[in-house]
Amino acid sequence: QSSQRYVEEDPEYLFDVGEGMYLDAQLSNHFSRYFNHAEHGNLKFKIDKVNKRVDFHAACDIAVGDELTFDYGVGYWVASRK
């Protein structure tokens with residue numbers, strides 16, 4: 001389904017979980033869809049391949065009102081420039 005969606009547009013919400021698997025948040029309303037990139041973000045993540053999910057946790061103390069960020073990784077920037 002995702003491969004058909006991205007024939008004419010660039011993917012913006014694909015999360016590469018490895019081994020050719022991706023989680024697609026394009027149609028998701030989960031709040032994690034709005035986490036932004038920062039090289040040294042305040043969130044870390046763990047990929048759970050069995051349950052096909054990504055779990056985020058705080059990498060440091062986060063104050064109320066702080067933007068939630070994580071490092072998208074070099075693969076995101078390479079793919080987004082194609």
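These are legends for a few close-up views of a predicted model.

**View 1. How confident the predictor is, element by element.**
Before zooming in, here's the confidence picture: mean pLDDT for the protein comes out at 79, with 74% of its residues at 70 or more. At the bottom of the ranking of elements sits helix H1 (residues 2-5), with a mean pLDDT of 57. At the top is strand E6 (residues 69-70), whose mean is 94.

**View 2. The hairpin made by E1 and E2.**
Strand E1 covers residues 14-18 and strand E2 covers residues 21-24. The two run antiparallel and are joined by 4 bridges. For a handy landmark, look for Gly18, which faces Met21 of E2 across the pair. Just 2 residues sit between the strands in this hairpin. One thing to check on your Ramachandran plot is Glu19 in the turn, where phi is positive at about 55°.

**View 3. Leu68, just ahead of E6.**
Leu68 belongs to the loop that links strand E5 (53-58) to E6. Is this residue buried or exposed? Neither label quite fits: Leu68 is partly exposed, because its relative accessible area is 30% and the buried class stops under 20%. Sequence neighbours within four places aside, Leu68 makes contact with Phe35, Asn36, Asn42, Leu43 and Ile62. Take Asn36 from that set: Leu68 and Asn36 are 32 residues apart along the chain, yet their C-alpha atoms are separated by 6.6 Å.

**View 4. Thr69, inside E6.**
Move one step along to Thr69 and you're in strand E6. Thr69 has a relative accessibility of 8%, so it counts as buried, the cut-off being under 20%. Which residues does Thr69 touch, once neighbours within four places in sequence are set aside? The contacts are Asn36, His37, Ala38, Gly41, Asn42 and Leu43. Asn36 turns up here and among the contacts of Leu68 too; likewise Asn42 and Leu43 are listed for Thr69 and for Leu68.

**View 5. The salt bridge between Asp55 and Arg53.**
Search the whole structure and you get 1 salt bridge. The partners are Asp55 and Arg53, with 2.5 Å between the closest N and O atoms. Why might such a pair form at all? Side chains of opposite charge can pair when their charged atoms come close. As for exposure, Asp55 is partly exposed, at 27% relative accessibility. Arg53 is also partly exposed, with a value of 45%.

Definitions and conventions:
Residues are numbered from 1 along each chain as its sequence is written. This is a predicted model: local features need pLDDT of at least 70, side-chain atom pairs count only at pLDDT 80 or more; totals for chains, interfaces and linings use all residues. Side-chain values use heavy atoms; hydrogens and water are left out. Two strands pair if DSSP finds at least two bridges between them. pLDDT is the predictor's confidence in each residue, from 0 to 100. Buried means under 20% relative accessible area, exposed over 50%, partly exposed in between (1.4 Å probe, protein chains only). Contact means heavy atoms within 4.5 Å. A salt bridge is a side-chain nitrogen of Lys or Arg within 4 Å of a carboxyl oxygen of Asp or Glu.
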